[in-house]
Amino acid sequence: SKPGLKVVNAVWSGADKETREGAQFDSRPNALPGFANLKPHSPLFWQNGSGGLLNRADFWDTIAPNVQVHLEDITHLQAKHVCLESGTEISTDVLLCGTGWKPTSFDFFSVDDLVRLGLPHKVEDEPPEITKPWDQMAQQADREVLDRFPILAEPPKHHYKASQMTPYRLYNGIAPLNDNTIAFLGYFNVGNFFKGAECQAI
């Protein structure tokens, strides 16, 4: 409902404002250059998991005076230096690459088994007769979600890269739909991951 949307927007806008004011991205005392680069590009409502950083009261006080933030691509590496797009060279002893992870390492399964078990596989490896009903169900689910939560229909501008892999197709994120001899735990993406993992362990 329109009143409901107004309430939701008001709650999240207030939380977003409080978070930004608490961080003082542009005016925090003793902050090193680049601290403002940590300012979120989208409202809090559309962020995924960043609220977990604020569990400690001293988080911003620890980061601001001790961490210099650069928000640009690395062009190349030299001995003891990281070179950025702007020409900046950062003297460094160690480079840690936090590039994420891909929870799709099922190399020990054949392609046919990946398809049969509902595990991620290349889109082109899937027969059309299997792809079509899943696409139809996904489209129907999208319509139902947007009908119930219309605010999700207008996300802010963001980087989007289409996946070359199919999603997990496991019952309750655990079991294949057509094989009761095997289960997969921990392959799901929810806000409260620890509680989800506990439920799966049961």
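Is Leu84 buried or exposed? Work through the exercises below to find out, and bear in mind that the model is predicted.

**Exercise 1. Place Leu84 and decide whether it is buried or exposed.**

Step 1. Locate the residue. Leu84 is found in strand 2.

Step 2. Take the cut-off. Buried means under 20% relative accessible area.

Step 3. Compare. Leu84 has 6% relative accessibility, so Leu84 counts as buried.

Step 4. Look along the chain and across space. Leu71 is 13 residues from Leu84 in sequence, and their C-alpha atoms are 9.3 Å apart.

**Exercise 2. Work out how the three strands are arranged in the sheet.**

Step 1. Read the order. The strands run 1-2-3 in an open sheet, with antiparallel pairing.

Step 2. Find the edges. Strand 1 (74-78) and strand 3 (89-91) each have a single partner strand, so one side of each has no neighbour in the sheet.

Step 3. Note the twist. From one strand to the next, the average is 25 degrees.

Step 4. Take the pairing of strand 1 with strand 2. Strand 2 covers residues 81-84, and four bridges join the two strands in the antiparallel sense. Leu77 has Val82 in strand 2 as its bridge partner.

Step 5. Take the pairing of strand 2 with strand 3. Three bridges join these two, again in the antiparallel sense. Here His81 stands opposite Ser91 in strand 3.

**Exercise 3. Which residues in the two hairpin turns have a positive phi?**

Step 1. Start with strand 1 and strand 2. Their hairpin leaves two residues between the strands. In that turn, Lys80 has a positive phi of about 65 degrees.

Step 2. Move to strand 2 and strand 3. This hairpin has four residues between the strands. In its turn, Gly87 has a positive phi of about 100 degrees.

**Exercise 4. Check the span of helix 1, then see what follows the helix.**

Step 1. Count. Helix 1 spans residues 2-23, which is 22 residues.

Step 2. Compare the spans. From first C-alpha to last, helix 1 reaches 32 Å, close to the 32 Å expected at 1.5 Å a residue.

Step 3. Step past the end. Gln24 follows helix 1. Its phi is near 55 degrees, a positive value in a residue other than glycine.

Step 4. Place Gln24. The residue lies in the loop between helix 1 and helix 2 (59-63). Gln24 is partly exposed, at a relative accessible area of 32%.

Step 5. Turn to another case. Asn172 also has a positive phi near 55 degrees and is not glycine. Asn172 sits in the loop between helix 4 (128-148) and helix 5 (193-201). With a relative accessible area of 58%, Asn172 is exposed.

**Exercise 5. Which residues make the nonpolar surface patch of about 340 Å²?**

Step 1. Name the members. They are Val7, Val8, Val11 and Trp12.

Step 2. Pick one and place it. Val7 is in helix 1.

Step 3. Check its exposure. Exposed means over 50% relative accessible area. Val7 has 53%, so Val7 is exposed.

Step 4. Recall a rule for helices. An α-helix has 3.6 residues a turn, so residues three or four places apart point the same way.

**Exercise 6. How many salt bridges are there, and which parts of the chain do they link?**

Step 1. Get the total. The count comes to seven salt bridges.

Step 2. Take Lys39 and Asp26. Their closest N and O atoms are 2.7 Å apart. Both residues lie in the loop between helix 1 and helix 2, 13 residues apart. Lys39 is partly exposed at 30%, whereas Asp26 is exposed at 60%.

Step 3. Take Arg28 and Asp61. Their side chains meet at 2.6 Å, N to O. The pair links the loop between helix 1 and helix 2, home of Arg28, to helix 2, home of Asp61, 33 residues apart. Arg28 counts as buried at 13%, whereas Asp61 is partly exposed at 48%.

Step 4. Take Glu126 and Arg169. The closest N and O atoms are 2.5 Å apart. Glu126 lies in the loop between helix 3 (111-117) and helix 4, and Arg169 in the loop between helix 4 and helix 5, 43 residues apart. Both Glu126 and Arg169 are buried.

Step 5. Finish with a network. Salt bridges link Asp113, Arg116 and Asp179.

Technical notes
Residues are numbered from 1 along each chain as its sequence is written. This is a predicted model: local features need pLDDT of at least 70, side-chain atom pairs count only at pLDDT 80 or more; totals for chains, interfaces and linings use all residues. Side-chain values use heavy atoms; hydrogens and water are left out. The expected span of a helix is 1.5 Å times one less than its number of residues. Two strands pair if DSSP finds at least two bridges between them. Axes are lines fitted to C-alpha atoms, for helices over the stretch in contact, and angles run from 0 to 180 degrees between N-to-C directions. Patches are made of residues with over 30% relative accessible area and no salt bridge: like charges are joined within 9 Å, nonpolar side chains (Val, Leu, Ile, Met, Phe, Trp, Tyr) within 5 Å. Accessible areas come from the Shrake-Rupley method with a 1.4 Å probe; for residues, only the protein chains shown count as cover. A salt bridge is a side-chain nitrogen of Lys or Arg within 4 Å of a carboxyl oxygen of Asp or Glu. Buried means under 20% relative accessible area, exposed over 50%, partly exposed in between (1.4 Å probe, protein chains only).
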